[in-house]
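Here is a short report on a single protein chain. Take a moment to look over the model, then read on.

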Amino acid sequence: MANNTRARRKVRLSRALGLALTPKAEKYMERRPYGPGQHGRARKKQDSDYAVRLREKQRLRAQYGIREAQMTRAFEEAKRTAGQTGENLVALLEMRLDALVLRAGFARTIAQARQLVVHRHILVNGQRVDRPSYRVAEGQLIHVHERSEKMGPFQIAAAGAHRDVLPAVPAYLDVKLEALQAKLVRKPKRSEVPVTCEENLVVEYYAR
């Protein structure tokens with residue numbers, strides 16, 4: 001029951017943001033490509049500039065499944081880093097362990113990726129890491145604990161079963177899916193990160 005409730009919430013949030021956050025939400029939105037609620041089909045008045053920036057921030061946050069405080073900390077770090085703040089922000093979020101577990105194809109959704117990390121199935125350079133927010137460094141190897149490899153979800157992942165719903169593996173990851181291993185070879189470039197976001201609007205939201 002709890003899983004169904006969470007799934008319904010994800011579908012509703014996806015429709016509100018106009019962005020499929022899970023494979024189930026994507027199928028649902030194909031049938032109902034409009035917002036939730038009884039007024040979902042109605043023509044809406046034009047959003048204010050603030051509303052547009054807020055929604056873009058919410059869209060980015062939802063794709064990584066993070067709390068507002070985590071998003072704010074990432075933005076502050078991105079602002080202190082040399083380069084474009086928006087591009088830095090996306091790169092920092094993408095280097096989270098749970099995000100890379102998802103990109104590698106070990107999980108089907110960001111929520112499942114986070115669960116795998118929290119339950120201590122994932123190692124980084126041979127060390128267990130149970131923090132989804134852990135920042136993976138360039139050159140570090142992400143892999144599944146040998147005692148977890150034979151579990152059903154990992155056997156399914158190793159067979160490539162999630163590839164039908166995930167984007168192609170980005171160039172900043174070197175993935176050996178059958179071995180349940182992935183290496184972050186370099187910092188992600190914004191053009192390679194498979195998230196839907198106008199990051200400049202997110203920067204404007206926080207800079208207001």
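The lining of the largest cavity divides into six nonpolar residues, no polar ones and two charged ones. The model is predicted. Which residues line the largest cavity? They are Leu102, Arg103, Arg163, Leu166, Pro167, Ala168, Pro170 and Pro194. The volume of this cavity is about 30 Å³. The count of cavities of 30 Å³ or more comes to one. Rolling a probe the size of a water molecule over the atoms shows where empty space is left.

**Overall layout**

The protein has nine helices and five strands. Along the sequence, the pattern reads α-α-α-α-α-α-α-β-β-β-α-β-β-α. The protein has 208 residues, and buried residues make up 43% of them. Take the contacts between residues at least 6 apart in sequence: 55% of these join residues at least 24 apart.

**Salt bridges**

Side chains of opposite charge can pair when their charged atoms come close. How many salt bridges does the count give? The count comes to 14. Three of the pairs are set out here, each with the distance between its closest N and O atoms.

| Salt bridge | Closest N and O atoms |
|---|---|
| Glu76 and Lys79 | 3.4 Å |
| Glu94 and Arg103 | 2.5 Å |
| Arg114 and Asp98 | 3.3 Å |

Start with Glu76 and Lys79. Both lie in helix H4, which covers residues 68–80. They are three residues apart, about one turn of the helix. Glu76 counts as partly exposed because its relative accessibility is 31%. Lys79 has a relative accessibility of 48%, so Lys79 also counts as partly exposed.

Next come Glu94 and Arg103. Are these partners buried or exposed? Both Glu94 and Arg103 are buried. Arg103 also appears in the lining of the largest cavity.

In the third pair, Arg114 forms a salt bridge with Asp98. Arg114 lies in helix H7 (residues 110–118) and Asp98 in helix H6 (residues 97–103), so this pair ties together parts that are 16 residues apart in sequence. The partners fall into separate classes of accessibility. Arg114, at 21% relative accessibility, counts as partly exposed. Asp98, at 0% relative accessibility, counts as buried.

Some salt bridges share partners, and these join Lys57, Arg61 and Glu68 into one network.

**Ala104, in a loop**

Where does Ala104 lie? Ala104 is in the loop between H6 and H7. Its relative accessibility is 0%, so Ala104 counts as buried. Leave aside neighbours within four places in sequence. Ala104 is then in contact with Arg163, Leu173, Val175, Leu177 and Ala182. One of these, Arg163, also lines the largest cavity. Ala157 is 53 residues from Ala104 along the chain, and their C-alpha atoms are separated by 9.5 Å.

**Ile122, in a strand**

Ile122 is found in strand E1, which covers residues 122–124. Why is Ile122 classed as buried? Ile122 is buried because its relative accessible area is 0%, and the cut-off for buried is under 20%. Its contacts, leaving aside neighbours within four places in sequence, include Leu97, Val101, Leu116 and Val117. Also among them are Gln127, Arg128 and Val129. Ile142, His143, Val144 and Phe154 complete the list. Ile142 is 20 residues from Ile122 along the chain, and the two C-alpha atoms are separated by 7.0 Å.

**Glu56, in a helix**

Glu56 is found in helix H3, which covers residues 49–64. At 9% relative accessibility, Glu56 falls under the 20% cut-off and therefore counts as buried. What does the side chain of Glu56 reach at 2.7 Å? It reaches the backbone nitrogen of Glu198. Not counting residues up to four places away in sequence, Glu56 touches Thr196, Cys197, Glu198, Leu201 and Val202. Glu198 thus appears both in this list and as the backbone partner of the Glu56 side chain.

Terms used: Residues are numbered from 1 along each chain as its sequence is written. This is a predicted model: local features need pLDDT of at least 70, side-chain atom pairs count only at pLDDT 80 or more; totals for chains, interfaces and linings use all residues. Side-chain values use heavy atoms; hydrogens and water are left out. A salt bridge is a side-chain nitrogen of Lys or Arg within 4 Å of a carboxyl oxygen of Asp or Glu. Helices (H or I, at least four residues) and strands (E, at least two) are DSSP runs, numbered from the N terminus. Buried means under 20% relative accessible area, exposed over 50%, partly exposed in between (1.4 Å probe, protein chains only). Contact means heavy atoms within 4.5 Å. On a 1 Å grid over the protein atoms alone, a cavity is a set of points where a 1.4 Å probe fits but cannot get out, and a pocket is an open set with protein on both sides within 12 Å along at least five of seven lines; lining residues have an atom within 4 Å of a point. Grid points are joined across faces, edges and corners, and a volume is the space filled by probe spheres set on the points. Ala, Val, Leu, Ile, Met, Phe, Trp, Tyr, Cys and Pro count as nonpolar, Asp, Glu, Lys and Arg as charged, and the others, Gly among them, as polar. A polar contact is a pair of N or O atoms within 3.5 Å; within protein, one must be able to donate a hydrogen and the other to accept it, and residues adjacent in sequence count only if both atoms are side-chain atoms.
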